[in-house]
Amino acid sequence: MTNQTTILDPKLEQTVSQLRCIECGAVHKSASRTLRCPSCGDLLEIIYPAWKTSGGRAAGLNASELKALWRRRRSSRAAVDQSGVWRFREVLPALASGHQAISLREGNTPLYEMPRSARIVGVPHLYAKHQGMNPTGSFKDTGMTVSASFARQEGFRWVACASTGNTSASMAAYAARGSMRSLVLIPDGKVSWGKLSQALDYGAVTCQLKTDFDGCMRVLNEVVERMPVYLLNSVNPYRLEGQKTAAIELLEQCDWQSPDHVIVPGGNLGNCSALGKAFLEMRELGLISRMPKLSVIQAEGANPLVRTVRETSGKRLIPVQAETMATAIRIGHPASWKKAVRVLEATGGTVEQVSEIEIAQAKAEIGADGVGCEPASAVTLAGLKKLVKQGFVKPSETVVLVLTGHLLKDPEFTLKFHRGDLFSGTPLESQAAILAAHERAPIVLDASADAVVKTLEQAETLAEEP
Ligand code: F0G
């Protein structure tokens, strides 16, 4: 069986997409290498004009036909159907005839019930959509399968990104699968080893720059102007189209009954923009009648969207010098802030920020549900606690947390936490004492059954309720 399959079928000829500038509205057939509007320099988004002219049909199909087709494909053995992204190809830009998708069978991620976390937060209907269960361990794969496929179609030999780690891991994998080379720019010392080691193994040329993510992004934009490399950061609108499918898959898993709230971490703000776009489009196509409220949570030390919304009502970006141990979202100058503000407004969601201690505690709580995630993903549960306290989320409502990265992405954070070292020597040390109840340091013992039995008995007396 081949892992790459032609994705065009006759129906897809109707899935004609265009690039439109989010600011000036100009429509373009193709994008410049910086993926910005040639007229005004703002970001582009992909639109499907035929949906309007055909009365809300995608690829000629109405809502119930789309639902049935997507469901049928779940039992298909074709590679393109087994991808949890390309399964929804009627609402994605189509590759030209004869071109193939680069796929690692991304998507198809579980929606978990979160009973322990639900009890802690006081919201009984709490779920986690675990995007960390993608092939390279983060949500980036769903976008990368689409954007890398378009990069290859355009004939690029090199793809490139600036990254806090996950984008680089994903891009390197898809470039390798698609026989392209990849260039990674990451902030020196601020990317977890798990993510860095992935980029190396998948064969990326990996440059650790002596700056932060925002600095890497600046350098990359210059490189892209000078060299024929294809930019795969989330300013790439094809990536967001792929990431959109996580929301579609979620709705399908909910039998097309929208949850009341979806909560997502915010970094460069591409993902919340993609998920929000999906909800709006699913309503336009009649697949859902009501939209979830999409809310974005940031770390207190990397909170440009929170400040932008609170201090300028979303009119002007307030960049910050970002600092957080949740390195994936250590971003002070997010590219997609305008898209994010629009999604918040369109869905009625909100923004919130959480402290380092709150992130660490929430991460351990998600772990105790047997699910686990990387630190950046845990802001969702930490943020939910605040939204419940504020009354923005009601106990009767259904809430989905989007967990963006796998627990194994950042084992150093987890180990330090359980050893009680995460905050030692920092100004947060005294507050961190409240976390002791969650810590589970490894216990070093003599190699004797007696020692183990004694430990077991002690653990039993301290046993928490199941
Ligand atoms: N969660 C994880 C695990 C991430 O890796 C990222 C972003 C985010 C959340 C935030 O998503 O940027 O779309 O708002 N990581 C990027 C990277 C920046 O380079 O891997 P966003």
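This passage walks through the sheets, the helix packing and the ligand shell of the structure above. The model is a predicted one, in which local features need pLDDT of at least 70, side-chain atom pairs count only at pLDDT 80 or more, and totals for chains, interfaces and linings use all residues. Residue numbers start from 1 along each chain as its sequence is written. Helices (H or I, at least four residues) and strands (E, at least two) are DSSP runs, numbered from the N terminus.

A good place to begin is the parallel sheet. Four strands make up this open sheet, in the order β8-β7-β6-β9, and their pairing is parallel; two strands count as paired if DSSP finds at least two bridges between them. At its edges lie β8 (205-209) and β9 (229-231), each of which pairs on one side only. From one strand to the next, the twist averages 25°. Within the sheet, β6 (residues 158-162) and β7 (residues 181-187) run parallel and are joined by five bridges. Here A162 stands opposite L185 of β7. Helix α6 (residues 166-177) lies across β6 and β7, and runs at about 170° to β7. For these angles, axes are lines fitted to C-alpha atoms, for helices over the stretch in contact, and values run from 0 to 180 degrees between N-to-C directions.

The other sheet is antiparallel. It is open and has three strands in the order β2-β1-β3. Its edge strands, β2 (27-28) and β3 (44-47), each pair on one side only. Strand β1 (residues 18-21) runs antiparallel to β3, and four bridges join the two. One pair to look for is C21 with its bridge partner L44 in β3.

Turning to the helices, α5 (residues 140-153) packs on α6 at an angle of about 45°, with the axes 9 Å apart. The two helices are therefore oblique to each other (angles under 35 degrees count as roughly parallel, over 145 as roughly antiparallel, 65 to 115 as roughly perpendicular and the rest as oblique). Their crossing is right-handed; a crossing is left-handed if the near helix is turned anticlockwise from the far one by less than a right angle, and right-handed if clockwise. On the α5 side the contact includes K140, D141 and M144, which with their neighbours meet residues of α6 including N166, T167 and Y174. Contact here means that the C-beta atoms of two residues, placed from the backbone, lie within 7 Å. By class, this contact has five nonpolar, four polar and two charged residues. In that scheme Ala, Val, Leu, Ile, Met, Phe, Trp, Tyr, Cys and Pro count as nonpolar, Asp, Glu, Lys and Arg as charged, and the others, Gly among them, as polar.

Helix α5 also packs against α9 (residues 237-253), at an angle of about 150° and with the axes 6 Å apart. Again the crossing is right-handed. Among the residues that make the contact are T142, G143 and F150 of α5 and Y238, R239 and A246 of α9. These contact residues divide into six nonpolar, seven polar and two charged.

A further helix pair is α10 (270-284) and α12 (residues 337-347), whose axes come within 9 Å and cross at roughly 40°. That makes α10 oblique to α12. The crossing of this pair is left-handed. The contact involves C272, S273, G276, F279 and L280 of α10, together with K339, A340, V343, A346 and T347 of α12. It comprises six nonpolar, three polar and one charged residues.

Finally, the ligand. Of the 21 residues around it, S163, G267, N268, T404 and G405 come nearest; a residue is near a molecule or strand if its C-beta atom, placed from the backbone, lies within 6 Å of it. Helices α6, α10 and α14 (375-389) each supply at least two residues of this shell. The shell divides into five nonpolar, 15 polar and one charged residues.
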